[in-house]
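Me: I should like a close look at a single part of this model, followed by an account of some other parts of the chain. Please keep the answer connected and formal.

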Amino acid sequence: MGKIVLIKKPSDPRLKKIAADLANGALVVFPTETVYGLGANALDDSAVKRIFWAKNRPADNPLIVHISDKKQLRFLAIKTPKKAERLMKRFWPGPLTLVLKKKKKVPSVVTAGLPTIGIRMPSHSIARKLIELAHVPIAAPSANTAGKPSATRAFHARLDLLSRVDWVIDSGPSRFGLESTIIDCTPKTPVLLRPGAVSVEQLEKTIGKIRIFRFGRKKIVAKAPGMKHRHYAPRARVVLVESKKIDSTIKKFKRKMMVLTVGKKISTTKNRIAFNFRFISGLAKELFACFRLADQKKVSNILVEKPLAKGIGRALLNRLEKAAAKR
Ligand code: TXA
Ligand code: MG
C-alpha cells in the first residue's frame, strides 16, 4: 500500500527519502506540469516492468523517460540532431517530449522494443528535484489505469493505483492538464506524434516545417504503437458539438448529461452538470477531471463545445476526438 505525502516545495526534506526509494526500485506517483506521472528508475528492468503491471498497460506501449539535466541525455540517446537541440534549448524544461535514437543500455522494456526513446525534461520544480535527487532517469507514463483519463489530481492516481505503488506525492492540480507534445526527431523533417501544450505554431517557429501525423493511419502503428491503444476514455459517451448548436443539441438528450463550454453560459439543472470555462486553456486543464466526475455522477452523455484546432485547442481536440471515438 502506498504512502501519500503532501509536498508543496522542492526543498521539502522528505523528497530525499522518496528519491532514494525510487532509485532503488520503488514506484512513485509524482506531479508534473502536464499530468501526474507514475515513475520508476528507467535503468531498472524489474521496476519498469512493475509500471506496466500497476497500470495494466500493454507491453507494446513505450514509456517516456524524464530527466532533470541535459547531461543525462548521453546515457539515453545516441545522437541529437540539430533540430532536436534547438527544440531542447527553446522548450526544456517543459511539456515537450522528443523521440530520439536510443542507446543500447536503456532496457528494451522501457521503449517496448523500439530503437527510439521518448525523453522529456519536466518544468515542475518538484518533479525535477525528485529526478535530481534520485540520480537516475525516470520512466513515467501518466498515473492512471490504462484506458482511463490521465490523472490531473493526486487523488485520481490514488484511486487508480494506491495499492500498487509505494509513494504518491500530492502537489495540487496539474497546470496544463493535457499530456506533453511528442515530436519524433529521427526523420529529417520531424513528425508530431501527439499534440500538447507546446503548439505546432511554436514548434514551426523554432525548427521550420514539421509533419503532422494523421492519427489512425496505418503507419503510426509501426511508429508509435501506443497511439493505437484506446485512450482518455470516460465511461460516458463524449459528443463534440459546434458552438452554435449547443442549445439545440442539449434538448435532444434526455438522460443525465454534462455540458462543457468555453465562453457560452449554460446552467446546471437537476439533470445536467454544466461547466462554463472562460478560456480554452481552462477547459484543457479540467477536461480529465470532468471526465472522471462524469463517471462518478453516472452521467450518460458529455457534450463538449468543439474547440478550434489552434494552439492548445489542437491538443484538446485530439483528446476529445479520441474519447468520442470510443464506440
Ligand atoms: O506529459 C506527459 O507526457 C506525461 C507525463 C507524466 O510526463 N506522460 C505521458 O505518458 O503522457 P504516457 O505513457 O501516458 O504517454 C506516452 C506516449 C505513448 O502514447 C507512447 O506510445 C508514446 O508516448 N511514446 C513513448 N515512447 C515513444 C517512442 N520511442 N516512439 C514513439 N512514441 C513513443
Ligand atoms: Mg497515458
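Which residues in α11 are buried?

Reply: The structure is a predicted model, and the description below should be read as such. In helix α11, the buried residues are Ile312, Gly313, Ala315, Leu316, Leu317, Asn318, Arg319, Leu320, Lys322 and Ala323. The list includes Arg319 and Lys322 as well as Leu316 and Leu317. The helix as a whole is mostly covered, with 10 of its 13 residues buried; here a residue is called buried if its relative accessible area is under 20%. As to its dimensions, α11 runs from residue 312 to residue 324 and reaches 18 Å from its first C-alpha to its last, which is close to the 18 Å expected at 1.5 Å a residue.

Ahead of this helix in the sequence is strand β15, residues 301–305, which is also mostly covered: 5 of its 5 residues are buried. In a regular strand, side chains alternate between the two faces of the sheet. In β15 both faces are covered, one side carrying Asn301, Leu303 and Glu305 and the other Ile302 and Val304, all of them buried.

Two strands pair with β15. Strand β12, residues 237–241, does so in the parallel sense over 5 bridges, and within this pairing Leu240 stands opposite Val304. Strand β13, residues 257–262, also pairs with β15 in the parallel sense, over 4 bridges; there Met258 stands opposite Ile302. Val304 and Ile302, the two partners just named, belong to one side of β15.

The surroundings of ligand 1 complete the account. This ligand is surrounded by 27 residues, the closest being Thr34, Arg57, Asn61, His66 and Ser180. Asn61 places a polar side-chain atom 2.8 Å from an oxygen atom of ligand 1. A polar side-chain atom of Ser142 lies 2.9 Å from an oxygen atom of the ligand, and for Arg120 the corresponding distance to an oxygen atom is 3.0 Å. The protein covers 98% of the 680 Å² of accessible area that ligand 1 has on its own.

By composition, the shell around ligand 1 divides into 13 nonpolar, 9 polar and 5 charged residues. Strands β4 (64–66), β6 (116–120) and β10 (191–194) each supply at least two residues of this shell. The largest share, 4 residues, comes from β6.

Methods:
Residues numbered from 1 in each chain as written. Chains lettered and ligands numbered in written order. Predicted model: local features only at pLDDT ≥ 70, side-chain atom pairs only at ≥ 80, totals over all residues. Heavy atoms only, no water. Buried < 20%, exposed > 50% of the residue type's maximum accessible area, 1.4 Å probe, protein only. Pairing = 2+ DSSP bridges. Near = heavy atom within 4 Å. Polar contact = N/O pair within 3.5 Å; in protein donor to acceptor, adjacent residues only side chain to side chain. Areas by Shrake-Rupley, 256 points an atom, 1.4 Å probe, with all protein chains shown as cover. Nonpolar A, V, L, I, M, F, W, Y, C, P; charged D, E, K, R; others polar. Expected span 1.5 Å × (residues − 1).
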